[in-house]
Amino acid sequence: MTELKGYLDYLCKSTNMKCLTPARALQGFGDYMAANLYARSIFGEDALANLSIETPLNSKDNSVVGHIRIRAKSQGMAVSLGDKINKVQKATLKTATA
């Protein structure tokens with residue numbers, strides 16, 4: 001993916017997370033984005049994810065790069081959400097290269 005907002009929307013949709021960052025803060029055409037995401041499991045456990053992404057200027061394909069930090073009270077919730085995000089990113093790479 002090459003668009004920051006598109007990546008954020010795709011990540012939220014595929015992981016069932018809600019974006020806590022106001023929409024007006026995400027508008028614009030910058031080269032970086034930071035957003036906070038929230039999820040609640042069916043067991044009532046909460047998780048927060050901090051998303052920091054950018055499109056590097058020196059990259060040939062301008063693909064989105066960055067970090068996602070997940071915080072949860074239980075390690076199982078954090079690991080499960082991390083696995084889900086990893087799976088979504090691998091699926092995106094497979095469709096992009098196919």
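## A walk through a four-stranded sheet and its two helices

Let us begin with the sheet: four strands form an open sheet in the order E1-E2-E3-E4, and their pairing is antiparallel. At its edges sit strand E1 (18-19) and strand E4 (65-72), each of which pairs on one side only. Please keep in mind as you look around that this is a predicted model.

Now step back to the whole chain. Two helices accompany the four strands, and along the sequence the elements follow the pattern α-β-β-β-β-α. The radius of gyration is 14 Å, close to the 13 Å that the globule rule gives for 98 residues, so the chain is as compact as a globular protein of that length. Measured out along the principal axes, the C-alpha atoms fill a box of roughly 45 × 35 × 20 Å.

How is the chain divided between inside and surface? Of its 98 residues, 27% count as buried. The chain exposes about 7100 Å², and carbon and sulfur atoms supply 54% of that area. As for charge, there are 13 positive and 8 negative side chains, with the centres of the two sets lying 6 Å apart. Contacts also reach along the sequence: among those between residues at least 6 apart, 42% join residues at least 24 apart.

For a closer look, turn to helix H1 (residues 4-15), where you will find Thr15. Is Thr15 buried or exposed? With a relative accessible area of 4%, Thr15 falls under the 20% cut-off and is therefore buried. Setting aside residues up to four places away in sequence, Thr15 touches Lys84, Ile85 and Val88.

Next, return to the sheet and follow strand E3 (residues 46-54), which is joined to E4 by eight bridges, the two running antiparallel. Within this pairing, Ala47 stands opposite Ala72, a residue of strand E4. Ala72 also brings distant parts of the sequence into view: Asp46 is 26 residues away along the chain, while the C-alpha atoms of Ala72 and Asp46 are separated by 6.2 Å.

What surrounds Ala72, leaving aside its neighbours within four places in sequence? Ala72 is in contact with Asp46, Ala47, Met77 and Ala78. Its relative accessibility is 29%, so Ala72 counts as partly exposed, whereas Thr15 in helix H1 is buried at 4%.

Key. Residues numbered from 1 in each chain as written. Predicted model: local features only at pLDDT ≥ 70, side-chain atom pairs only at ≥ 80, totals over all residues. Heavy atoms only, no water. Rg over C-alpha atoms; globule rule 2.2 N^0.38 Å. Buried < 20%, exposed > 50% of the residue type's maximum accessible area, 1.4 Å probe, protein only. Contact = heavy atoms within 4.5 Å. Areas by Shrake-Rupley, 256 points an atom, 1.4 Å probe, with all protein chains shown as cover. Lys, Arg positive; Asp, Glu negative; His and termini not counted. Charge placed at Lys NZ, Arg CZ, Asp CG, Glu CD. Pairing = 2+ DSSP bridges.
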